[in-house]
Amino acid sequence: MGRKKISIIGAGFVGATAAHWAAEKELGDVVLVDIIEGIPQGKSLDLFEASPIEGFDAKVIGTNAYEETKDSDVVIITSGIPRKPGMSREDLLEINKKIIESVVTQVVERSPKAILIMVTNPLDTMTYLAFKRSGLPKQRVIGMAGILDAARFKAFIAMELNVSVEDIQALLLGGHGDEMVPLPRYTTVSGIPLAQLLPKETVDRLVERTRKGGGEIINLLKAGSAFYAPSAAVVQIAEAILKDKKRILPCCVYLDGEYGLKDICFGVPVKLGIGGVESIIELQLTDEEKRLVSKSAESVKKSIMELKL
Ligand SMILES: NC(=O)c1ccc[n+]([C@@H]2O[C@H](COP(=O)([O-])OP(=O)(O)OC[C@H]3O[C@@H](n4cnc5c(N)ncnc54)[C@H](O)[C@@H]3O)[C@@H](O)[C@H]2O)c1
């Protein structure tokens, strides 16, 4: 059995950092693709030159074409423009739609058996677009958002309580926008329900900070958006798939009746293994949680309509 192949389209901040995490974890050989000449070649050579120091075995190839991506097991798509201060994820739709349509076609032509992991924003809409354009089964098109958003929630809880991030479990539903639905009721610290550790006002404040977590980083950076946590999250999905780990993680997937939603890509907990999305887990929700989920679904639906597919 040879090494797995992971292709990453878009060698910008998220793509190149994902290449770093994936190579260091020895998930497989990495192919980095970008339209800018020299960028994927330079970043991949630099990363490969780190391997004798860090001691990982993974080939890292950079290219402006798609030939090297042939027969990839996993393809991570990060190509597109990121948000600037004051922009919403939706503002990216028109430009990124064109990029994703062309990238997905080229990827699937050469790797018809691959699992696609989408990163480009607006995430839920671009995942839907990739699903429709790729012709792949719904189990093999996955959007990354919930892991990142839940990680932000966990990070804020750990800071508030001054406890290890390792002990925090958190779940989240919905689209990757300010209307995402963090679920304090499904959040624990070493099994202890969050409500026993923090007053409601504090939890509400952390939920609100989580919803605006992406914007917080953009405002600090001024140019570009978050990339360390997003790339780590995307590689967690790739690892769960390539190692057939059967992990349960919140991901953006195509729904066909689950949660009462149809023909939408939306964030829900799923089981990830070698087949991609192996099952979708339906949580029991309170009326208030249901209301928030349907509000988030409405804004994702509106954005999907703008694709005019
Ligand atoms: N889903 C999430 O949670 C999440 C988190 C962070 C960023 N993002 C999104 O990911 C995307 C990438 O962010 P980034 O910070 O890496 O941006 P970036 O500008 O650093 O990188 C994007 C790269 O894509 C390349 N590119 C553009 N068109 C291309 C094409 N047709 N083929 C191949 N490459 C192409 C660009 O040359 C650039 O190098 C953005 O849309 C951003 O909003 C999503």
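**Exercise 1. Find which atoms of the ligand pair with the backbone of Val14, Ile81 and Met144.**

Start with Val14: one of its polar backbone atoms sits 2.8 Å from an oxygen atom of the ligand. That makes a polar contact, meaning a pair of N or O atoms within 3.5 Å (within protein, one must be able to donate a hydrogen and the other to accept it, and residues adjacent in sequence count only if both atoms are side-chain atoms). Next, go to Ile81, where a backbone N or O atom is 2.9 Å from an oxygen atom of the ligand. Then try Met144: here a polar backbone atom lies 2.9 Å from a nitrogen atom of the ligand. On its own the ligand exposes 860 Å², and the protein buries 89% of that (Shrake-Rupley method, 1.4 Å probe).

A word on the model: it is predicted, so local features need pLDDT of at least 70 and side-chain atom pairs count only at pLDDT 80 or more, while totals for chains, interfaces and linings use all residues. Numbering runs from 1 along each chain as its sequence is written, and side-chain values use heavy atoms, with hydrogens and water left out.

**Exercise 2. Describe the shell around the ligand by class and by element.**

Count first: 26 residues surround the ligand (a heavy atom within 4 Å), and Val14, Asp34, Ile81, Val119 and Met144 are the closest. Now sort by class: 16 are nonpolar, 9 polar and 1 charged (nonpolar is Ala, Val, Leu, Ile, Met, Phe, Trp, Tyr, Cys and Pro; charged is Asp, Glu, Lys and Arg; the others, Gly among them, are polar). Last, look at elements, which are DSSP runs numbered from the N terminus (helices H or I, at least four residues; strands E, at least two). H3 gives the largest share, 3 residues.

**Exercise 3. Check the span of H3 and see what its buried residues pack against.**

The 18 residues of H3 should span 26 Å at 1.5 Å a residue (1.5 Å times one less than the number of residues). Its end C-alpha atoms are 26 Å apart, which agrees. Buried residues (under 20% relative accessible area, 1.4 Å probe, protein chains only) in H3 include Leu93, Ile100 and Val104. The buried residues of H3 pack against strands S1, S4 and S5 and helices H4 and H9.

**Exercise 4. Is Thr63 buried or exposed, and what does its side chain reach?**

Place Thr63 in strand S3, residues 60-63. Thr63 counts as buried because its relative accessibility is 11%. Its side chain reaches the backbone nitrogen of Ala65 at 2.9 Å.

Note on methods:
Buried < 20%, exposed > 50% of the residue type's maximum accessible area, 1.4 Å probe, protein only. Contact = heavy atoms within 4.5 Å.
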